[in-house]
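Q: Can you take me through the side-chain interactions in this one? I have it loaded and will ask as I go.

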Amino acid sequence: MGISNILNQIVQIEHGFQHIINGTDEIFSTYSKEQCFKFALELFKHEAYQARMLATTIFGRLATMNNDALCFLKEQVSTDENWRVQEMLAKAFDEICKHRGYEASLPLIEEWINDDNPNVIRAVTEGLRIWTSRSFFKENPSVAIAIISKNKAHESEYLRKSVGNALRDISKKHAELIRQEVERWDLSNPRISFTYKLAAKLLK
């Protein structure tokens, strides 16, 4: 099936991600990686958010080996105003880390988690959820907690919500580690207090 037919199909569907992944699979099974990169560049210019979601997923697959694709995700996709595209960016980031190995991806995770763009940071905190179900972080939950917690006071509420929810996820299996972390927080700071309410929600 050609790109135009795949695109015509996915723009009919408003919700979910599986049709985007299926479309990506079909494109990669038909075209070379060089062609896929060119298609993704064109798709990302499309007014339909579904096309930009597809482009993001293609870039995510390519970025495991292609630094230009990785840079495009970080510098261009992260500026898209549609939340669905940002969800695909998070999924793409996790795909990259999974392919490279989560421990080997620590420098990349640190680079993105310290970025100025909250969407770049959120791609990490949201993409790797549930962090402690990922290899390396499963055995090193404290490392995950330290990385996520860096942005507990970020000015972006959208990001802080992701931070709090990611920590809450971890608290299901590592309640004491999360308790030790949040006990150190300055709850007089309203931004930190916001994150705390989410992170500590399941603590007894």
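What follows is a chat about cysteines, charged pairs, aromatic rings and one histidine.

Q: Is this a predicted or an experimental model?
A: It is a predicted model.

Q: Cysteines to begin with. How many disulfides does the structure hold?
A: Zero disulfides. Cys-71 is in none, and the nearest cysteine sulfur, in Cys-97, is 15 Å away.

Q: And why is Cys-97 not in a bond?
A: Because the closest cysteine sulfur, in Cys-71, is 15 Å from the sulfur of Cys-97, which is too far for a bond. The cut-off for a disulfide is 2.5 Å between sulfurs.

Q: Is Cys-97 buried or exposed?
A: Buried, with a relative accessible area of 0%. Cys-71 is partly exposed, at 30% relative accessibility.

Q: Changing topic: how many salt bridges?
A: The count comes to twelve. In general, side chains of opposite charge can pair when their charged atoms come close.

Q: Which residue pairs with Lys-74?
A: Asp-115 does, and the closest N and O atoms are 3.7 Å apart. Lys-74 is in helix 5 (residues 67-75), while Asp-115 is in the loop between helix 7 (106-113) and helix 8 (118-127), so the salt bridge ties together parts 41 residues apart in sequence.

Q: What about the accessibility of those two?
A: Lys-74 is buried, with a relative accessible area of 18%. Asp-115 counts as partly exposed, at 21%. The cut-off for buried is under 20%, so Lys-74 at 18% falls within the buried class.

Q: Which residues make up the network around that pair?
A: Lys-74, Glu-111 and Asp-115 are linked in a network of salt bridges.

Q: Next one: what does Arg-134 pair with?
A: Arg-134 meets Asp-94 in a salt bridge, with an N to O distance of 2.9 Å. This pair links distant parts of the chain, 40 residues apart: Arg-134 sits in the loop between helix 8 and helix 9 (141-149), and Asp-94 in helix 6 (residues 83-100).

Q: Are they buried or exposed?
A: Arg-134 is buried, and Asp-94 is buried as well.

Q: And where are Arg-179 and Glu-176?
A: Both lie in helix 11 (residues 175-182), three residues apart, which is about one turn of the helix. Their side chains meet in a salt bridge at 2.9 Å, N to O. Glu-176 is partly exposed, with a relative accessible area of 42%.

Q: On to rings. How many aromatic pairs are there?
A: Eight aromatic pairs by the count. One of them is Phe-37 with Phe-59: the ring centres are 5.6 Å apart and the planes are at 80°, so the pair is edge-to-face.

Q: Where do those two sit in the chain?
A: Phe-37 is in helix 3 (residues 33-43) and Phe-59 in helix 4 (residues 49-62), so the pair ties together parts 22 residues apart in sequence. Phe-37 is buried, with a relative accessible area of 18%. Phe-59 also counts as buried, at 0% relative accessibility.

Q: And the geometry of Phe-93 and Trp-112?
A: Phe-93 and Trp-112 form a tilted aromatic pair, 4.6 Å centre to centre with 40° between the planes. The pair links distant parts of the chain, with Phe-93 in helix 6 and Trp-112 in helix 7, 19 residues apart. Phe-93 is buried at a relative accessible area of 0%, and Trp-112 counts as buried at 0% relative accessibility.

Q: Which residues form the aromatic cluster?
A: Phe-37, Phe-44, Phe-59 and Phe-72 form one cluster.

Q: What about charges over rings?
A: Arg-61 lies over the face of Phe-28, at 5.8 Å from the ring centre. The charged end of Arg-160 sits over the ring of Phe-194, 5.0 Å from its centre.

Q: Last topic: where is His-154, and what does its side chain reach?
A: His-154 is in the loop between helix 9 and helix 10 (157-171). Its side chain reaches the backbone nitrogen of Ser-156 at 3.0 Å.

Q: Is His-154 buried or exposed, and what does it touch?
A: His-154 counts as buried, at 15% relative accessibility. Leaving out residues up to four places away in sequence, His-154 touches Pro-118, Ile-121, Leu-159, Arg-160 and Arg-191. Arg-160 came up above, with its charged end over the ring of Phe-194.

Methods. Residues are numbered from 1 along each chain as its sequence is written. This is a predicted model: local features need pLDDT of at least 70, side-chain atom pairs count only at pLDDT 80 or more; totals for chains, interfaces and linings use all residues. Side-chain values use heavy atoms; hydrogens and water are left out. Buried means under 20% relative accessible area, exposed over 50%, partly exposed in between (1.4 Å probe, protein chains only). A salt bridge is a side-chain nitrogen of Lys or Arg within 4 Å of a carboxyl oxygen of Asp or Glu. Helices (H or I, at least four residues) and strands (E, at least two) are DSSP runs, numbered from the N terminus. Rings of Phe, Tyr and Trp (its six-membered ring) pair if their centres lie within 6.5 Å; planes under 30 degrees apart count as stacked, over 60 as edge-to-face and the rest as tilted. A charge sits over a ring if NZ of Lys or CZ of Arg is within 6 Å of the ring centre and within 35 degrees of the ring normal. A polar contact is a pair of N or O atoms within 3.5 Å; within protein, one must be able to donate a hydrogen and the other to accept it, and residues adjacent in sequence count only if both atoms are side-chain atoms. Contact means heavy atoms within 4.5 Å.
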